Amino acid sequence: MKLPEKMLTALAAPLLAFSLMMCAKPNIKFDKPLSVVQEGTTKADTTAPGAGEAVIDPSTDLDLPDTTAGLRAINAITTTITVQPSQWMIDGSTLPAGAIIYIPAGTRGALLLKNIKGTASQPVIIVNKGGQVRFSAAKTASYVFKTQNCKNFKVLGTGVSSTYYGFVMDGGNISVTMDDLSSDFEISNIEVKNSGFAGIMAKTDPSCDKATWRGNFTMANVKIHHNYIHDTGGEGIYIGNSFYQDGVSTSCGKVIPHDVKNLKVYKNTIFSSGCEGIQIGSATSGCEVYYNTVLSPGRSPFASGQNNGIQIGEGTGGKCFNNLVKDAPGNGIIVLGLGDNTVYNNYVINAGEHGIFADSRYTPGPYFRFLNNTIVQPKGDGVKLNSTTIPMNVVVNNVIIRPGSGQAIHRMNSDVKLTASNNYVNDDVNTCKFVNFAGGNYHLQAGSPLSKAGANAYAYGVSYDYYGVKRAIAGAFDIGATTFK
């Protein structure tokens, strides 16, 4: 069993016991930065920053990019600096591409990184050194860890192989914020907790500065993975702006937020967030949200409708698959995307409203597709479709158990175009013959009525199941998120 699974097993008992408007961020004025301690040009330590990466084995996770290559390739002369505990800011204007920023083990205050510019082939690496680093600030502080105008960098808590989360971000209104035209970055193996608002946020709010407007800035090539986010006042992970079509009003008039392209959010665990566990907006192409575990989100939402598990928000196109969403007071998964959205192989359990909810916002694309999801005991509908402007909603091969409303698939009205087939509906989850549903083992037993009873969904991109088992290329599919082998 891999380490994240051990952690989840240990947390299982307490977790089971807990059965799109954003607060304005204050403007911050920065004093003259403290000096950076320059250690000169040295031979890179190829074991310290890269050792922890061995914990992550991309070969065992389908569709996961190999995040280890960058650090393992560091074998040449490399500039390194070490951030001292007293330093609150690093200005990376003079740092070369490929530099390594070490943050020593221990407890420290908030840190701002600005003007760091790596390249795609030589990103700047920010990594813990010597053990776990704990960043601590009051919830009323603006942030614990922040970037401004940074590009091609990685924040990796993988500096010590014995410590899975090398960075712990504790407190701050927004604990971790990738802000002010930051782009092309990766965040992994950090723990985020006790945020006043969002745990991890990545976006640049549009303002009267034209550089922040759509067409002038695009946040691209973002990976957020293998993080543990818990006990946040707002969203666990908040990426992109929520108002893609209408923009926001400013003193200079209405301004339109930037696009987000090639976003990957995967293998994160979010527990007890105040609003959505994961919220994505304005991610116009290449967005994938997968292999995440979202438990008990939406515990103290700022407004109605912000208590869902995963929100694929306005202006977002792509895929949402192989996620577990449990005990969301609102909808398990809500889809407001561009209309080129495919949602599949997800487990949605005990949603307080609908298992999956889809609505028409800015949706010029051709379809919403909901395939091979397993939805158990939502208090509302299994799948609720308010998506009247979508040319076709596809609902195929889903398991829907005991919808509280009594409606497995509910169209708002006849304007909702729907293709539905091979969905399994029942009031008793035991009829599915999961190995141990209550214990979280969702593999199918022999003789399950779900086995070989579905339509072949290979053409929709559903080639694997929730556990990464390859589905049949020809012939009937198994219904639901898992397949029998």
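## Disulfide, strand pairing and cavity in a predicted model

With -110° about the S-S bond, the link between Cys208 and Cys252 is left-handed. The two cysteines are joined as a disulfide with an S to S distance of 2.2 Å, and they tie together distant parts of the chain, since Cys208 lies in the loop between strand 13 (200-202) and strand 14, while Cys252 lies in the loop between strand 17 (248-250) and strand 18 (253-255), 44 residues apart. The structure holds one disulfide, and the model in which it appears is a predicted one. In general, a bond of this kind is covalent and runs between the sulfur atoms of two cysteines.

### Cysteines and their exposure

The table sets out the relative accessible area of four cysteines, two of which form the link described above.

| Cysteine | Relative accessible area | Class |
|---|---|---|
| Cys208 | 37% | partly exposed |
| Cys252 | 43% | partly exposed |
| Cys150 | 1% | buried |
| Cys287 | 2% | buried |

Cys208 counts as partly exposed because its relative accessibility, 37%, falls between the limits of 20% and 50%. Cys252, at 43%, is partly exposed by the same limits. Cys287, by contrast, is buried because its relative accessible area of 2% is under 20%. Why is Cys150 counted as buried? Its relative accessible area is 1%, which is under the 20% limit, and therefore Cys150 belongs to the buried class. Cys287 takes part in no disulfide, and the nearest cysteine sulfur, which belongs to Cys320, is 8.4 Å away.

### The largest cavity

Which residues line the largest cavity? The lining is made up of Cys287, Ile312, Thr316, Gly317, Gly318, Lys319, Cys320, Asn341, Thr342 and Val343, so that Cys287 and Cys320, the cysteines whose sulfur atoms lie 8.4 Å apart, both belong to it. The volume of this cavity is about 50 Å³. Strand 26 (318-321) and strand 29 (340-344) each contribute at least two residues to the lining. Sorted by class, the lining residues comprise four nonpolar, five polar and one charged.

### Strand 11 and its partners

Strand 11 (residues 183-188) is mostly covered, with six of its six residues buried. Strand 8 (residues 151-156) pairs with strand 11 in the parallel sense, and five bridges connect the two; within this pairing, Leu156 stands opposite Ser188 of strand 11. Strand 11 is also joined to strand 14 (residues 218-225), again in parallel, through three bridges. In that second pairing, Glu186 has Lys223 of strand 14 as its bridge partner. Strand 14 also bounds the loop that carries Cys208, the loop between strand 13 and strand 14.

### Ala303 and the chain as a whole

Ala303 is placed in the loop between strand 24 (293-295) and strand 25 (310-312). Its relative accessible area is 29%, and because this value lies between 20% and 50%, Ala303 is partly exposed. The C-alpha atom of Ala303 is separated by 8.8 Å from that of Cys275, a residue 28 positions apart from it along the chain.

Taken over its whole length, the protein chain has three helices and 41 strands. Of its 485 residues, 56% count as buried. The chain exposes about 17900 Å², and carbon and sulfur atoms supply 52% of that area.

Key
Residues numbered from 1 in each chain as written. Predicted model: local features only at pLDDT ≥ 70, side-chain atom pairs only at ≥ 80, totals over all residues. Heavy atoms only, no water. Buried < 20%, exposed > 50% of the residue type's maximum accessible area, 1.4 Å probe, protein only. Helix = DSSP H or I, 4+ residues; strand = E, 2+ residues; numbered from the N terminus. Pairing = 2+ DSSP bridges. Disulfide = S-S within 2.5 Å. Areas by Shrake-Rupley, 256 points an atom, 1.4 Å probe, with all protein chains shown as cover. 1 Å grid on protein atoms, 1.4 Å probe; cavity = no way out; pocket = protein on both sides within 12 Å on 5 of 7 lines; lining within 4 Å. Points joined across faces, edges and corners; volume = space filled by probe spheres on them. Nonpolar A, V, L, I, M, F, W, Y, C, P; charged D, E, K, R; others polar.
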